Amino acid sequence: MPLDVVILGLVAGLFAIVSGLNDGGALLATGLKLPTVRPAVGILTLVAMLALIPLLTHQVALTFVTRLATFNAPGGRNATTVAVICSLAVVLALSARGLPTSLTLAVVGGLTGAGLGWGLPVSAGSVLLVLLFGILAPVAGGVAAWLVTPLLQRLAQTGGLPRWHRAGFLVQCVAYAANDGQKALAVFIIALGTAPGPGTTTLTAVLFGLGAMYGLPKAGRLLSREIIVSRPLHGVAAEFAAGGAVLASAAAGMPVSMTQAVAGALIGAGVTQGGGRVRWYAAVKIATAWLLTLPASALLAALTAWIVKAAVS
């Protein structure tokens with residue numbers, strides 16, 4: 001087996017675990033104030049969806065592989081390895097400074113930068129389109145939550161909120177598996193050079209689950225406790241709103257960050273009961289991290305890819 005396949009395969013496995021660490025807690029955090037979906041059940045549901053949904057559609061994964069840049073071309077595996085490592089480095093550096101950010105934004109920046117640095121064909125139009133969807137997703141999540149929260153409040157007056165929580169969480173899991181959860185799968189696709197089969201999707205899902213279990217005790221704290229003074233109603237509304245926004249993006253094959261959509265949805269849900277429920281300093285803190293993530297990942301990956309290519313040529 002070629003060395004570049006082995007190295008990228010190992011990097012893909014690490015990336016799947018980190019995705020679980022970074023995203024798993026945030027996905028569960030919205031409903032932590034309701035005991036309806038226990039953390040273990042939530043993680044198992046996520047793992048099942050991540051294993052099954054990409055077998056039905058993996059258009060978002062293909063966007064990472066072929067639309068941002070041509071990573072199935074010669075040198076694509078090496079460029080992808082650089083992109084993922086640089087993306088993880090940026091996310092870890094920002095998190096260490098108290099600025100938790102979007103791993104999806106980091107990967108989009110890393111892949112774009114590494115493609116440019118390695119000399120691969122990069123589609124400026126596709127990159128801009130992905131950025132546009134990335135900007136719109138949290139806005140759409142916020143608007144949808146603002147509309148859904150009053151409706152859900154009326155529907156749940158008879159004590160049915162736990163039932164709606166189950167439905168909302170399932171929508172969120174399906175949306176994640178159809179969109180944001182495919183970023184790690186895309187790295188495996190590039191490594192293996194084939195379309196994903198049950199073995200690949202199951203491996204990706206299990207590694208994600210391991211990361212989610214490890215990171216659950218502390219992950220998602222900023223979303224569930226700091227963005228808004230939340231009630232269970234806000235979390236359930238955010239699940240439906242963010243899930244809808246991310247599913248709509250998946251239908252267009254555009255990768256967006258579920259954590260960004262959830263953050264926007266929580267703000268939208270909080271605003272329905274007064275802007276004072278929103279901790280705007282926390283929202284600004286997260287937005288600042290988002291703004292820094294993509295350009296930092298792109299610049300670091302471009303420079304690293306250029307150096308590595310020069311060294312191995």
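How do the residues lining the second largest pocket divide into nonpolar, polar and charged? Keep that in mind as you click around; this is a predicted model, and the pocket is our opening stop.

**Stop 1: the second largest pocket**

Bring up this pocket, which holds about 430 Å³ of space. Its lining has 21 residues; select Gly 134, Ile 135, Pro 138, Gln 260 and Trp 290 to find those closest to the centre. Now colour helices α6 (124-155), α12 (258-271) and α13 (280-312), the elements that each give two or more residues to this lining. The largest share belongs to α13, with eight residues. And the split? The lining has 17 nonpolar residues, four polar ones and no charged ones.

**Stop 2: the largest cavity**

Keep Gly 134 and Gln 260 selected, since both also appear in the lining of the largest cavity. Add Ser 102, Thr 104, Leu 105, Val 108, Val 130, Leu 131, Pro 255, Val 256, Ser 257 and Leu 294 to complete that lining. Two elements, α5 (103-118) and α6, give two or more residues to it. The space inside is about 70 Å³, and the structure has three cavities of 30 Å³ or more. Around the largest cavity you'll find seven nonpolar residues, five polar and, once again, no charged ones.

**Stop 3: the core**

Next, pick Phe 15, Phe 64, Phe 71, Leu 111, Tyr 176 and Met 258. Within the largest nonpolar core, which has 87 residues, these touch the most other members. Zoom in on Met 258: leaving out neighbours within four places in sequence, its contacts are Leu 27, Gln 172, Ala 175, Tyr 176, Asp 180, Ala 242 and Val 246. Tyr 176, then, is both a contact of Met 258 and another of those well-connected core members.

**Stop 4: Asn 22**

Head over to helix α1 (residues 3-29) and select Asn 22. Is Asn 22 buried or partly exposed? Its relative accessible area is 21%, so it counts as partly exposed; the cut-off for buried is under 20%. Setting aside residues up to four places away in sequence, Asn 22 touches Val 91, Thr 101 and Leu 103. Try drawing a distance to Val 6, which is 16 residues away along the chain: the two C-alpha atoms are 24 Å apart.

**Stop 5: two cysteines**

Finish with Cys 86 and Cys 173. Cys 86 is buried because its relative accessibility is 5%, and Cys 173 is buried too, at 1%. A disulfide would be a covalent bond between the sulfur atoms of two cysteines, but the count here is zero.

How values were computed:
Residues are numbered from 1 along each chain as its sequence is written. This is a predicted model: local features need pLDDT of at least 70, side-chain atom pairs count only at pLDDT 80 or more; totals for chains, interfaces and linings use all residues. Side-chain values use heavy atoms; hydrogens and water are left out. A nonpolar core is a set of buried Ala, Val, Leu, Ile, Met, Phe, Trp, Tyr and Cys residues joined through side-chain atoms within 4.5 Å. Buried means under 20% relative accessible area, exposed over 50%, partly exposed in between (1.4 Å probe, protein chains only). Contact means heavy atoms within 4.5 Å. Helices (H or I, at least four residues) and strands (E, at least two) are DSSP runs, numbered from the N terminus. A disulfide is a pair of cysteine sulfur atoms within 2.5 Å. On a 1 Å grid over the protein atoms alone, a cavity is a set of points where a 1.4 Å probe fits but cannot get out, and a pocket is an open set with protein on both sides within 12 Å along at least five of seven lines; lining residues have an atom within 4 Å of a point. Grid points are joined across faces, edges and corners, and a volume is the space filled by probe spheres set on the points. Ala, Val, Leu, Ile, Met, Phe, Trp, Tyr, Cys and Pro count as nonpolar, Asp, Glu, Lys and Arg as charged, and the others, Gly among them, as polar.
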